[in-house]
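Welcome! Open the structure beside this page and work through the exercises at your own pace, trying each task before you read its solution.

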Amino acid sequence: MLRVLQRLQEEADIQSGNILDRLLQTRKLESKLVEIQSISITKMRLNNVNRSANTLATQSPMMSDTTQSLVDPRQLDISLLELSLISQRSALFHSFIHERATEEMETMADDEKQQDIIMNGKDKRFYGDNGLLLSSGLTKRVKELMNIYLVIDEYLLKGNIEKAMQLDDYDPAVGPTSTCVDDVFFILKKVLKRSITTSEPEVVSATMRVVLKTLDTGYIQVLQRKMATTFSGHESGSRNAEKLLEQAKITYMVVLNNMNVSADYTLRLVEELRTETKAVIWKNTKEDMENVEKALEDLGSITDKFQRLLKGGMEQLMIQILKPRVRPLFQEAYREVKYVLEEEEYNEADSEDMFFKRFRYGFDNLIKLYRNTLTTANFSTLAGLVLDATTLQWERIVSQTRFNQYGALRFDKDLRSVIQYFTSMIEWLSRDRFTRLNQMSTLLNFEEPTEIYEYWGSKAGPVSWRLTVTEVKQILALR
């Protein structure tokens, strides 16, 4: 049977060679390859010329009708599917014939004479322990086809992602992201899944490298440029300045949402691909799976880049747009509000509750656009940054305000109302953010300054003081 398998491998090399030659001729794969390489070179030159002129090429170079028919995306897509199936069937045949040959060789393990007869006239350098060629003609031809596959695949991938970015659109009624996110990751999923069906780890790894490069240059960098230029060109004195700024904020937040969802999509895609690789018939299961797993880890690492850019974008949004509005928010909320009160003034302030009403109104207006536009995760992150800036500004105000006993009591109620407001608005809110303010309120509400000794040092118990000794003295001196 091993002699039959050897002859079958030889015949398969001959017949598959004839079939693949006809495939190349019928599908004009070599002509397509030449045209793709020509278009890619021409486009690269045009982009270089346009960059020197401070513009970007957004259209493909002019092509003849013949060229267009050769590189028609739908036809190229069909060609890729055929090539992936050929590679898959080749891997299946390779797995079958080598497994059977190994079984036959094992039955003759103790019969060296029989083994010598089977390998008679064959150069053992080119044959494996199972008596079959280490590298058959079919394997070599499929590798040649996979080189064509990779060129076509890269051309289509870049073109499709470029088109997705050009047609990018945002509709708040549909979702928090623009269309490019779903479009790009649909393309990536299709390309990567198809590479896995080839059953060639080298193809998977090569495809993954191209995906990472294209994702960086054609997607991430485009989003970065949009973030960098969103607020440029908005003159504060122009007639529609406020409207334009509002639109710029939305555009910026949509990019942040795109980053956030892209990071999630990447992780989900990696897990989905990892599951699919386990169902593939690899030639050398352990070694091939290790190579594919390494490629998947490289793809997963792009999540860190999305997260870093998202964090930087969030911080810029906070610093440039939101932080400057925190101080005016308190100035308006504290207008005509004081904390040195007589009993009658305290009762009046208690019924009017002016500080909290103004603060809530101002903060609602401050955060409304962001709450309606950002993803849940992004809004939580931004809300955390805003809260940090809010508590810090409030601490500064408290440290510069005079209090009496009624005023301290009024401040404590204002503080509790604000904490309750934030708790109802942000589910994950940690009251820990208000620890310093709560401790300030505790100090201000002492009957006598000496009460601090009942809470400080060895008597502090479970209380962890966030205020330094100097700050405690300063706060006590405000009464």
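A salt bridge here is a side-chain nitrogen of Lys or Arg within 4 Å of a carboxyl oxygen of Asp or Glu. Keep in mind that you are looking at a predicted model.

**Exercise 1. A salt bridge inside one helix**

Task: Find E154 and K158, and work out how far apart their closest N and O atoms are.

Solution. Start with the distance: the closest N and O atoms of E154 and K158 are 2.9 Å apart. The limit is 4 Å, so the pair E154 and K158 counts as a salt bridge. Next, look at where the two residues sit. Both belong to helix α6, and because they are four residues apart there, about one helical turn separates E154 from K158. Finally, check the surroundings: E154 is partly exposed at 27% relative accessible area, and K158 is partly exposed too, at 37%.

**Exercise 2. Salt bridges between helices**

Task: Which helices hold D153 and R194, and are these two residues buried or exposed?

Solution. First, the pair itself: D153 and R194 form a salt bridge, with 3.0 Å between the closest N and O atoms. D153 is part of helix α6 (residues 137–166) and R194 is part of helix α7 (residues 179–197), so that distant parts of the chain, 41 residues apart, are linked. As for their setting, D153 and R194 are both buried.

Now try a second pair. K193 makes a salt bridge with E272, and here the closest N and O atoms are 2.8 Å apart. Because K193 lies in helix α7 and E272 in helix α9 (residues 241–277), this pair ties together parts that are 79 residues apart in sequence. E272 is partly exposed, at 29% relative accessible area.

To place these pairs in the whole model, note that the count comes to 33 salt bridges. Some share partners: D350, D353, R410, K413 and D414 are joined into one network in this way.

**Exercise 3. Two helices side by side**

Task: At what angle do α6 and α7 pack, and which residues meet?

Solution. Begin with the geometry. The angle between α6 and α7 is about 170°, and their axes are 9 Å apart. Angles over 145 degrees count as roughly antiparallel, and therefore α6 and α7 are roughly antiparallel to each other.

Then look at the contact. From α6 come Y149, D153, L157, N160, I161, A164 and M165, while α7 brings C180, D183, V184, I187, L188, V191, R194 and S195. Sorted by type, the residues of this contact are ten nonpolar, two polar and three charged. D153 and R194, the salt-bridge partners from Exercise 2, are both among the residues that meet here.

**Exercise 4. The nonpolar cores**

Task: How many residues make up the largest nonpolar core, and which have the most contacts inside it?

Solution. The largest nonpolar core has 96 residues, and Y219, F359, F363, W394 and F422 are those with the most contacts inside it. Helix α11 (residues 302–333) gives the most to this core, namely 13 residues. Take W394 as an example: leaving out residues up to four places away in sequence, W394 touches F330, Y334, F355, F411, D414, L415, V418 and L437. Another core, of 20 residues, lies apart from the largest one, and its members include L20, L23, L76 and L156. As background, nonpolar side chains tend to be buried together in soluble globular proteins.

**Exercise 5. A buried threonine**

Task: Where does T214 lie, and which residues is T214 in contact with beyond its neighbours within four places in sequence?

Solution. T214 is found in helix α8 (residues 201–229). With a relative accessible area of 5%, T214 is buried. Beyond those sequence neighbours, T214 is in contact with L157, K158, I161 and Y219. You have met K158 already, as the salt-bridge partner of E154.

**Exercise 6. Positive phi in two loops**

Task: What are the phi values of S199 and D353?

Solution. For S199, phi is near 65°, a positive value in a residue other than glycine. S199 sits in the loop between α7 and α8, and at 4% relative accessibility S199 counts as buried. For D353, phi is near 50°, again a positive value in a non-glycine residue. The loop that holds D353 runs between α12 (343–352) and α13 (354–373). D353 is buried as well, with a relative accessible area of 17%.

Definitions and conventions:
Residues are numbered from 1 along each chain as its sequence is written. This is a predicted model: local features need pLDDT of at least 70, side-chain atom pairs count only at pLDDT 80 or more; totals for chains, interfaces and linings use all residues. Side-chain values use heavy atoms; hydrogens and water are left out. Buried means under 20% relative accessible area, exposed over 50%, partly exposed in between (1.4 Å probe, protein chains only). Axes are lines fitted to C-alpha atoms, for helices over the stretch in contact, and angles run from 0 to 180 degrees between N-to-C directions. Angles under 35 degrees count as roughly parallel, over 145 as roughly antiparallel, 65 to 115 as roughly perpendicular and the rest as oblique. Contact means heavy atoms within 4.5 Å. Ala, Val, Leu, Ile, Met, Phe, Trp, Tyr, Cys and Pro count as nonpolar, Asp, Glu, Lys and Arg as charged, and the others, Gly among them, as polar. A nonpolar core is a set of buried Ala, Val, Leu, Ile, Met, Phe, Trp, Tyr and Cys residues joined through side-chain atoms within 4.5 Å.
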